[in-house]
Amino acid sequence: MAKNRLVAIVGQPNVGKSTLFNRLTETRDAIVTDTPGTTRDRQYGQSSWNGSTFSIVDTGGWVEFSEDAFEPEINKQVQIAIEEADLILFVVDTQMGLTDLDEEVALLLRRSKKPVLLVANKSDNFEMDAYAAEFYKLGLGDPYTISALSGSGTGDLLDQVVKELPEQLPDDETDPEIPRIAVVGRPNAGKSSLLNAFLGEERHIVTDVAGTTRDSIYTRYNKFGKEFLLVDTAGIRRKGKVNEDLEYYSVLRSIRAIENCDICVLMIDATRGIESQEQNIFNIIQKNKKGLIVCVNKWDLIEEKSNAVMEGYKEAIYGRFAPFVDFPIIFISATEKQRIMKVLDFAKEIFDKRKKRIPTAQLNSTLLPIISQTPPPAIKGKYIKIKYITMLPKVQVPSFVFFANLPQWVKEPYKRFLENQIREKWDFSGTPINIFIREK
């Protein structure tokens with residue numbers, strides 16, 4: 001599991017950060033409009049260039065819709081990016097020209113000593129390239145003149161990004177047979193309380209194992225016949241210089257832990273319910289194909305604890321996280337240590353499921369009759385026939401390959417049908433699975 005590096009995109013609203021994010025990740029995940037502050041949620045994606053892979057976070061514009069309100073919030077974002085990212089892309093607007101806010105952000109970045117690339121966006125022609133010269137005043141080196149909209153100049157920018165990032169480290173030396181668990185969630189959801197409840201007072205049996213990533217710390221848990229590595233980051237352990245209640249702050253720090261684990265324990269505060277931040281963190285877990293346990297914490301504070309109330313909570317959680325709904329939900333109290341051992345039991349089960357392999361003969365004898373009864377829809381008069389199924393060996397995520405005569409015509413709804421059939425016949429609860437359609 002080679003470890004990813006983290007690139008943060010910062011800058012004032014409406015300079016094209018989201019457009020650049022979409023360009024670098026080759027997606028349309030970030031909503032792009034001309035209205036400053038459109039990006040409310042933190043966008044997370046991954047990019048590959050010349051064989052090098054790294055993660056990208058689009059900080060977005062802050063949404064108070066007041067010129068006075070932007071300044072302090074943007075400065076907070078920059079401080080967080082300085083603390084957590086390996087490289088910062090500082091985006092400025094060539095058409096708008098140099099602003100006072102650009103100069104303030106540049107001052108923070110120069111003091112940080114972090115690697116920074118100055119990106120002069122909206123340089124759509126040679127005349128705009130000339131205007132970008134005024135950004136030399138920021139003291140951050142040569143501006144990379146690009147057009148995120150058309151893609152002009154982004155190749156040269158990516159070349160430099162790959163050069164500036166620290167070396168992509170190989171797999172860590174932790175035992176692959178020991179599950180790595182990350183506890184993630186919004187601030188004050190009870191992450192620290194759960195970790196403390198796991199570790200207890202018997203500190204002599206707990207050791208910190210440094211991972212190969214400079215930010216990774218694995219805390220070994222070995223009690224009651226269970227052995228795990230609890231994935232933390234150095235950033236989570238030290239007190240940051242910014243307010244703990246910033247959504248961007250906790251999402252950025254969650255990325256490190258999620259990428260370095262096998263199973264995520266997503267904490268939800270029972271007194272607050274699901275909010276956008278849980279959705280953001282869930283999306284990161286999904287994109288990284290990690291195992292998932294959802295813990296509804298502070299259940300001791302809920303007055304009515306009937307089965308109907310529990311089912312209502314579950315229905316709300318599954319509704320927000322659909323279509324992936326095959327994961328356990330546990331109602332716990334970290335401070336009272338209620339049902340916390342079930343979290344570790346489920347984690348071990350999910351870890352084992354991620355390594356489970358179904359024999360090829362069993363896959364074909366079970367699934368081919370189902371596929372024959374409900375084949376993929378014909379497209380343009382062409383009938384799709386799936387003839388053979390196998391499971392890929394030695395992969396971290398259970399992966400199934402369906403060989404068909406016309407794989408390009410098998411669409412996402414049918415892939416979900418195939419996944420549902422697999423989950424119905426074999427227990428893969430808590431772990432994502434991959435469905436690949438290949439030509440026979």
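Is Asn434 buried or exposed? Select Asn434 to begin: the residue is buried, with a relative accessible area of 15% (buried means under 20% relative accessible area, exposed over 50%, and partly exposed in between, with a 1.4 Å probe and protein chains only). The model is predicted, so local features need pLDDT of at least 70 and side-chain atom pairs count only at pLDDT 80 or more, whereas totals for chains, interfaces and linings use all residues. Residues are numbered from 1 along each chain as its sequence is written, and side-chain values use heavy atoms, with hydrogens and water left out.

**First stop: Asn434**

Asn434 lies in strand S16 (residues 434-439); helices (H or I, at least four residues) and strands (E, at least two) are DSSP runs numbered from the N terminus. Display its neighbours next. Not counting residues up to four places away in sequence, Asn434 touches Lys289, Val397, Pro398, Ser399 and Phe400, where contact means heavy atoms within 4.5 Å. With Ser399 there is a polar contact, side chain to side chain, at 3.2 Å. Such a contact is a pair of N or O atoms within 3.5 Å; within protein, one must be able to donate a hydrogen and the other to accept it, and residues adjacent in sequence count only if both atoms are side-chain atoms.

**The whole chain**

Zoom out to the protein chain, which has 13 helices and 16 strands. Of its 440 residues, 53% are buried. Among contacts with a separation of 6 or more, 72% are between residues 24 or more positions apart. The accessible surface comes to about 20,300 Å², and 49% of this belongs to carbon and sulfur atoms; the areas come from the Shrake-Rupley method with a 1.4 Å probe, and for residues only the protein chains shown count as cover.

**The loop before H6**

Select Arg186, in the loop between strand S7 (180-185) and H6. Arg186 is buried, at 11% relative accessible area. Its C-alpha is 8.5 Å from that of Asp269, although 83 residues separate the two in sequence.

Ala189 is in the loop between S7 and H6 and is buried, with a relative accessible area of 0%. Add Met267, Asp269, Asn297 and Lys298 to the selection: Ala189 touches these residues, not counting those up to four places away in sequence. Thr271 is 82 residues from Ala189 in sequence and 9.4 Å from it in space, C-alpha to C-alpha.

**Helices H6 and H11**

Now select H6 (residues 191-199) and H11 (residues 340-355), whose axes come within 10 Å and cross at roughly 85 degrees. Axes are lines fitted to C-alpha atoms, for helices over the stretch in contact, and angles run from 0 to 180 degrees between N-to-C directions. H6 and H11 are therefore roughly perpendicular to each other (65 to 115 degrees). Show the side chains of Leu194, Ala197 and Phe198 in H6, which meet Ile340, Val343 and Leu344 in H11. The residues of this contact divide into six nonpolar, no polar and no charged; Ala, Val, Leu, Ile, Met, Phe, Trp, Tyr, Cys and Pro count as nonpolar, Asp, Glu, Lys and Arg as charged, and the others, Gly among them, as polar.

**Backbone details**

Select Pro323, in the loop between helix H10 (307-321) and strand S13 (329-331). The peptide bond from Ala322 to Pro323 is cis, with omega near 10 degrees.

Lys380 follows, in the loop between helix H12 (360-373) and strand S14 (386-391). Although not a glycine, Lys380 has a positive phi of about 55 degrees, and at 70% relative accessibility Lys380 counts as exposed.

End at Lys394, in the loop between S14 and strand S15 (399-404). Lys394 has a positive phi of about 55 degrees without being a glycine, and counts as exposed at 84% relative accessibility.

How values were computed:
Angles under 35 degrees count as roughly parallel, over 145 as roughly antiparallel, 65 to 115 as roughly perpendicular and the rest as oblique.
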